[in-house]
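Trainee: I should like to learn how to read the features of a protein model. May we go through one together, feature by feature?

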Amino acid sequence: MEINGLGDQRPVLAGYHDESWKDGNEQSRIMPTRSPTGRRRPFIGLLGAASLALCPLSGQAHPHAWIDVRSTVVLSPDGEFTAIKEQWLFDELYSAAVMDGMASDSPSGHATAREFAAMAIENLRPYDYFTKITVDGKAIRLDKASEFAGAMRGSQLLLTFTASLARPVNPAAHQVAYAIYDPSYFIQMMHRPGEPPAIEGRAGRACRLRVAAPNPTPEDIARAYALDRGAQAEEGFGDLFAEKVHIQCE
């Protein structure tokens, strides 16, 4: 799928629909999915360590929580990829459990979404905010996130932040891609169908984003289901379930 960014200086947010997200996609029917009515014991965690420091749930396969992601590629006036803006909307159970846990640990008995955001951003920094950016197949680091904020959207926590690349990259001269995911696949992180990745500030350059959906094998999915039986996900397991966003500029 492609998101075209020709001749428009605004983020590309409208006019996108991907039928593969529907149940007609064979893989989507067998991958672990969100189950609002399923029996799940609430878990407490603040986004720290590769697995977000969450307590495991009994009788459930990976993933245990869900984050709806929005991302925006920021291009400089000369067309270089300089930063990425992200919004993470957490599922209702995770949001309630985290806020209750923070409140119980606070001397005041209260907690705010901004306090959660500050702690999450600090804990995620060593892991590049679960954002893997590659240039010609090699990973590059992100600088410390800036402009972060936390808020409640109804009963869901919303985390927003901007992270600059350690060095600007010219997507017209290199193969550039990124993925936003939990390496352990404890949490599933996906763009919503109606909120695709966007581009901000193209400087007149013809750019587009191509989103490659994850394509895990049945064996990979079976391993995810088995992880609650005392197994530990190997490093990079979450990459098998991650979307890949390719930045293409002319």
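Mentor: Let us begin with the residues that line the second largest pocket of this predicted model. They divide into nine nonpolar, three polar and five charged residues.

Trainee: How is such a space found, and how much space lies in the second largest pocket?

Mentor: Rolling a probe the size of a water molecule over the atoms shows where empty space is left. In this case the second largest pocket holds about 380 Å³ of space. Its lining consists of 17 residues, and those closest to the centre are Tyr127, Lys132, Tyr181, Pro183 and Glu235.

Trainee: Which elements give two or more residues to that lining?

Mentor: They are strand E4, residues 131-135, and strand E5, residues 138-140. E4 provides the largest share of the lining, namely three residues.

Trainee: I should next like to understand salt bridges. How many are counted here?

Mentor: Side chains of opposite charge can pair when their charged atoms come close. The count for this model is six salt bridges. One of them joins Arg208 and Glu250, whose closest N and O atoms are 3.8 Å apart. Arg208 belongs to strand E11 (residues 207-212), while Glu250 is in the segment after strand E12 (244-249), so this pair ties together parts that are 42 residues apart in sequence.

Trainee: Are Arg208 and Glu250 buried or exposed?

Mentor: The classes rest on relative accessible area: buried means under 20%, exposed means over 50%, and partly exposed lies in between. Arg208 has a relative accessibility of 25% and therefore counts as partly exposed. Glu250 has a relative accessible area of 66%, so this residue is exposed.

Trainee: Where in the chain does the salt bridge of Asp220 and Arg223 lie?

Mentor: Both residues are in helix H4, residues 218-226. Because they are three residues apart in that helix, about one helical turn separates them. The closest N and O atoms of Asp220 and Arg223 are 2.9 Å apart. Asp220 counts as buried, at 10% relative accessibility, whereas Arg223, at 32%, counts as partly exposed.

Trainee: Which residue forms a salt bridge with Asp239?

Mentor: The partner is Lys244, with an N to O distance of 3.6 Å. Asp239 is partly exposed at 25% relative accessibility, and Lys244 is partly exposed with a relative accessible area of 24%.

Trainee: Let us turn to disulfides. Which cysteines form one in this structure?

Mentor: A disulfide is recognised from a pair of cysteine sulfur atoms within 2.5 Å. The count here is one disulfide. Cys207 and Cys249 form it, and their sulfur atoms are 2.2 Å apart. Cys207 lies in strand E11 and Cys249 in strand E12, so the pair ties together parts that are 42 residues apart in sequence.

Trainee: What is the torsion about the S-S bond of Cys207 and Cys249?

Mentor: That torsion is about 115°, so the disulfide is right-handed. Both cysteines, Cys207 and Cys249, are buried.

Trainee: I have also heard of the backbone angle phi. Which residues other than glycine have a positive value?

Mentor: Two examples may be considered. Phe130 has a positive phi of about 55° although it is not a glycine. Phe130 lies in the loop between helix H3 (113-124) and E4, and its relative accessible area of 3% means that it is buried. Tyr185 has a positive phi near 60° and is likewise not a glycine. Tyr185 is in the loop between strand E8 (176-180) and strand E9 (187-191), and it is buried with a relative accessible area of 2%.

Trainee: How should I read the contacts of a single residue, for instance Thr160?

Mentor: One first sets aside residues up to four places away in sequence; Thr160 then touches Glu86, Gln87, Glu147, Phe148 and Ala149. Thr160 itself is found in strand E7, residues 156-169. With a relative accessible area of 18%, Thr160 is buried.

Trainee: What does the chain look like as a whole, in terms of helices and strands?

Mentor: Its secondary structure comes to four helices and twelve strands. Of the 250 residues in the chain, 46% are buried. Among contacts between residues at least 6 apart in sequence, 73% join residues at least 24 apart.

How values were computed. Residues are numbered from 1 along each chain as its sequence is written. This is a predicted model: local features need pLDDT of at least 70, side-chain atom pairs count only at pLDDT 80 or more; totals for chains, interfaces and linings use all residues. Side-chain values use heavy atoms; hydrogens and water are left out. On a 1 Å grid over the protein atoms alone, a cavity is a set of points where a 1.4 Å probe fits but cannot get out, and a pocket is an open set with protein on both sides within 12 Å along at least five of seven lines; lining residues have an atom within 4 Å of a point. Grid points are joined across faces, edges and corners, and a volume is the space filled by probe spheres set on the points. Ala, Val, Leu, Ile, Met, Phe, Trp, Tyr, Cys and Pro count as nonpolar, Asp, Glu, Lys and Arg as charged, and the others, Gly among them, as polar. A salt bridge is a side-chain nitrogen of Lys or Arg within 4 Å of a carboxyl oxygen of Asp or Glu. Buried means under 20% relative accessible area, exposed over 50%, partly exposed in between (1.4 Å probe, protein chains only). Contact means heavy atoms within 4.5 Å.
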